[in-house]
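Hi,

Here is the structure I promised to pass on. Have a look at it first, and then read my notes underneath.

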Amino acid sequence: MTAEEPQKVKAGEKVGPGTYVCIDCGRELKVTEAEKDLVKCPSCACENYQCFPMTHIRPDIKTPEDAVHPPKRK
Ligand SMILES: [Zn+2]
């Protein structure tokens with residue numbers, strides 16, 4: 001199963017909050033807004049990213065607001 005594998009996304013796609021890692025140079029791009037157009041990698045202009053959505057990292061984060069202001073862990 002590939003459930004644990006990061007999703008792949010391309011520049012220009014609408015993405016949600018999370019961390020996007022350039023597959024070419026490994027540069028991390030953090031996105032904190034919902035429905036944002038993913039830009040090309042600022043370092044190498046690569047268009048392909050691995051996607052690590054915030055919702056996968058923190059199961060208690062469900063909305064873009066939560067991602068910007070994460071709820072305290074209990
Ligand atoms: Zn890059």
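Let me start in the middle of a strand pair: V21 stands opposite E28 in β4, and Y20 stands opposite L29 in β4. The partner strand here is β3, joined to β4 (residues 28-31) by four bridges, and the two run antiparallel. For the terms: strands (E, at least two residues) and helices (H or I, at least four) are DSSP runs numbered from the N terminus, and two strands pair if DSSP finds at least two bridges between them. Five residues sit between the strands in the hairpin of β3 and β4, where G26 takes a positive phi near 80°.

Before going on, a word of caution: this is a predicted model, in which local features need pLDDT of at least 70, side-chain atom pairs count only at pLDDT 80 or more, and totals for chains, interfaces and linings use all residues. Residues are numbered from 1 along each chain as its sequence is written.

Now the overview. The chain has two helices and six strands, in the order β-β-β-β-β-β-α-α from the N terminus on. Its mean pLDDT (the predictor's confidence in each residue, from 0 to 100) is 81, with 77% of residues reaching 70 or more. Among the elements, strand β3 (residues 18-22) has the highest mean, 91, and helix α1 (residues 54-57) the lowest, 58. Where pLDDT is low, the predicted coordinates should not be read in detail.

On burial, I call a residue buried if 20 or more other C-beta atoms lie within 10 Å of its own, exposed if 12 or fewer, and partly exposed in between, with C-beta atoms placed from the backbone. Buried residues make up 15% of the 74 in the chain. Strand β3 has two faces: G18, Y20 and C22 are on the covered one, T19 and V21 on the uncovered one. G18 counts as buried because it has 22 C-beta neighbours inside 10 Å. From G18 to L29 it is 11 residues in sequence and 8.5 Å in space, C-alpha to C-alpha.

Which residues form the largest nonpolar core? There are six: V15, Y20, C22, V31, C41 and Y49. Such a core is a set of buried Ala, Val, Leu, Ile, Met, Phe, Trp, Tyr and Cys residues joined through C-beta atoms within 7 Å. Leaving aside neighbours within four places in sequence, C22 is in contact (C-beta atoms, placed from the backbone, within 7 Å) with R27, C41, S43, C44, C46 and Y49. Across the chain, 48% of the contacts between residues at least 6 apart in sequence join residues at least 24 apart.

One such pair of distant places in sequence is also worth a look: Q7 and Q50 are 43 residues apart along the chain, and their C-alpha atoms are separated by 5.7 Å. Q7 is in strand β1 (residues 7-10) and, with 14 C-beta neighbours inside 10 Å, counts as partly exposed.

Finally, A45 has a positive phi of about 65° although it is not a glycine. You will find A45 in the loop between β5 (36-37) and β6 (48-53). Is A45 buried or exposed? A45 counts as exposed, because it has 12 C-beta neighbours inside 10 Å.

Cheers

Definitions and conventions:
Contact = placed C-beta atoms within 7 Å.
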